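Q: Please give a close look at one residue, its surroundings and its contacts along the chain. Then carry on to the other local features that deserve inspection.

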Amino acid sequence: MIQFAATAEEILHELATLRAADAPTHGGKVLSYVYDSGLAALDDLAAAAMLAVQPLNGLDPTTFTSVAAMERDVIAFTRELLGGDEDVVGTVTSGGTESCMLAVKTARENFRGQGAPRLLAPASVHAAFHKAAHYFGLTLELVPVGPDGRADAAAMIAAMVPGVALVVISAPSYPHAILDPVTEIAAAAQAKGIDLHVDACIGGLVLPFWPDLPAWDLAVPGVTSISADLHKYGYAPKGASVLLTRGRDRQRAQYFASTSWPGYPVVNPTLLGSKSAAPLAAAWAIIKFLGTAGFAELATSCHRSTGALLETVAGIEGLAVVGNPTGPLFAVAVDEGVPEAGRIDPHHWADRLKSYGFTAQLQPAFIQSDGSVLPRTTHLTITPVTESRLPELQQAMIQAGTDVRGVPGIDPQRVLGPADGPMAALLAGAAQFPRNSATARQILGAMGLNGGGLPSAMAPVLALVEALPSGVTEWLLTELLAELLEP
Ligand SMILES: *Cc1c(COP(=O)(O)O)cnc(C)c1O
């Protein structure tokens, strides 16, 4: 008899206690990270589907044939939705990052040019492509976007020189929800024989139902691959995305196969080896349950809510929506067009919104390679559940605006303290720092950012992100997260 260390009841009680401290995943209070359909039946179905496949290993669909069957269904559904024909093939991956990374890996394998392959994208492209370039050894070339957050087609096309292995644009971009000019850029890429990936991770399962859009998917000639996250507007639990690729031969480069070891022959379409089939099963079940009409209904709800919220922002003096957002998300910045006393700093606004129970996402100002600055913003992702608490959210947005109107945003130059102060001295010596964990802790301590837990106001933290060189911030944030995970 095994002497168990605890009863299942005790363990699940402990888990429930831990879960109680999490941000709410349902109900529309958190306006990023979670995509709540508002339909309990969907969550129950997903849970049952996950349980049904719990013991499977998705590594080998020849042994566990249900995995292949579900994957074929999901690919068929998304291919049709995203304008793909018989020549389009695909893979279910573990998420948007993996889909993006595989699109880049495939392009690199297929690259026939000279020298180090380049990845060309607008500055608004998701950081997953920075990660892909880093992992797979491509040089990332970011082309500045306009003040409206949109990829500059002419500048992108001018940058399509030999050596570019892949061009990436977004449908829409994550930071500002801007739909890039797909047709124009794809035509130029095709003429030059360069592959083009449309990152529709966030838009892929909702834009097909958005009214009045120009063409943006696989129906556009020159688009060679597209990613769409099932765990965003596919309403599946985390761990599912699709990558669709035009042309079998192009896509085969995505695979890794090896018989050069004494073990089982390895053939992997994705980065993982052994993997869960649970997110795939959940996504598959949800697709069967909703069908195209169900997805359309949910998208229409998002469209209504987003329209109403954009109107709300338009009515708040001092805030302005960035560009012309497409899809159920948008970013707000300060409205520079009103006198200072009437302006609203989007980060103070987000902190106030939080005090009214709604968590929006703060995004730092960003300096592009040409020196132009994209302003700090606050990002809101709208999901079907938003409609159920629309008046409450609108009221909170208006009230938060009233609360902080005229309060100047935190100046990143000032946040580090006086020029002759300890923080400035510490950072002046940044180049000489030993980049180790102990030094990072010391700096975080001096900033009052050690000891776990997030500060109550996020605006000062984002101002720090703006103030510090990105290499320093990346190092410090790595330490912050790593510390959180240390026993
Ligand atoms: C979410 C997102 C990604 C990355 O996806 P993950 O699922 O978070 O790994 C990439 N691109 C865009 C546009 C996204 O919105």
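A: Leaving aside neighbours within four places in sequence, G323 is in contact with D148 and I178. The model is predicted, and what follows is read from its atoms. G323 sits in the loop that runs between strand β10 (319-321) and strand β11 (329-334). Its relative accessibility is 35%, so G323 counts as partly exposed. The C-alpha atom of G323 is 6.2 Å from that of G149, although the two residues are 174 residues apart along the chain.

Other loops hold unusual backbone geometry. Most residues other than glycine have a negative phi, and most peptide bonds are trans. The bond between A171 and P172 is cis, with omega about -10°. P172 belongs to the loop between β4 (164-170) and α7 (182-191). Y33 is not a glycine, yet its phi is positive, at about 70°. That residue is in the loop between α1 (8-20) and α2 (40-52). Y33 has a relative accessible area of 60% and is therefore exposed, the cut-off for this class being over 50%. D212, also a residue other than glycine, has a positive phi near 60°. The loop that holds D212 lies between β5 (195-199) and β6. With 77% relative accessibility, D212 is exposed as well.

The ligand site is the next part to inspect. The residues around the ligand are G95, G96, T97, H126, Y174, D199, C201, I202, D229, H231 and K232. Three polar distances to oxygen atoms of the ligand can be given. A polar backbone atom of G96 is 2.9 Å from a ligand oxygen. For H231 the atom is a polar side-chain atom, and the distance to a ligand oxygen is 2.7 Å. For D229 a polar side-chain atom is 3.3 Å from a ligand oxygen.

D229 can be followed further into the protein. The residue is found in strand β6, which spans residues 225-229. Its relative accessible area is 2%, so D229 is buried; that area is computed on protein chains only. Besides the ligand distance, the D229 side chain makes a polar contact at 2.8 Å with the side chain of S241. Not counting residues up to four places away in sequence, D229 touches G95, G96, A200, C201, L205, G234, A240 and S241. G95, G96 and C201 are among the residues that surround the ligand.

Enclosed space comes next. Two cavities of 30 Å³ or more turn up in a search of the whole structure. The largest cavity has a volume of about 70 Å³. Its lining consists of L102, A103, T106, A107, L166, D195, T224, S225, L243, T245 and R250. Two elements, α4 (96-110) and β7 (241-246), each give two or more residues to this lining. Helix α4 supplies four residues, the largest share. Sorted by class, the lining has five nonpolar, four polar and two charged residues. S225 of this lining falls within the residue range of β6, the strand that holds D229.

The second largest cavity holds about 50 Å³ of space. T25, G28, V30, L31, V34, D36, T381, T383, V385 and T386 line this cavity. Four of these lining residues are nonpolar, five are polar and one is charged. T386 also appears among the contacts of S305, which touches I382, T386, E387 and L390 when neighbours within four places in sequence are left aside. S305 itself is in helix α9, which covers residues 278-314. Its relative accessibility is 0%, so S305 counts as buried.

A further helix can be described by its packing. In α14 (residues 459-467), the buried residues are A459, V461, L462, A463, L464 and E466. These buried residues pack against α10 (346-355) and β12 (361-363).

To return to the starting point, G323 is a partly exposed loop residue. D148 and I178 are its contacts beyond the sequence neighbours within four places.

Notes:
Residues numbered from 1 in each chain as written. Predicted model: local features only at pLDDT ≥ 70, side-chain atom pairs only at ≥ 80, totals over all residues. Heavy atoms only, no water. Buried < 20%, exposed > 50% of the residue type's maximum accessible area, 1.4 Å probe, protein only. Polar contact = N/O pair within 3.5 Å; in protein donor to acceptor, adjacent residues only side chain to side chain. Contact = heavy atoms within 4.5 Å. 1 Å grid on protein atoms, 1.4 Å probe; cavity = no way out; pocket = protein on both sides within 12 Å on 5 of 7 lines; lining within 4 Å. Points joined across faces, edges and corners; volume = space filled by probe spheres on them. Nonpolar A, V, L, I, M, F, W, Y, C, P; charged D, E, K, R; others polar. Near = heavy atom within 4 Å.
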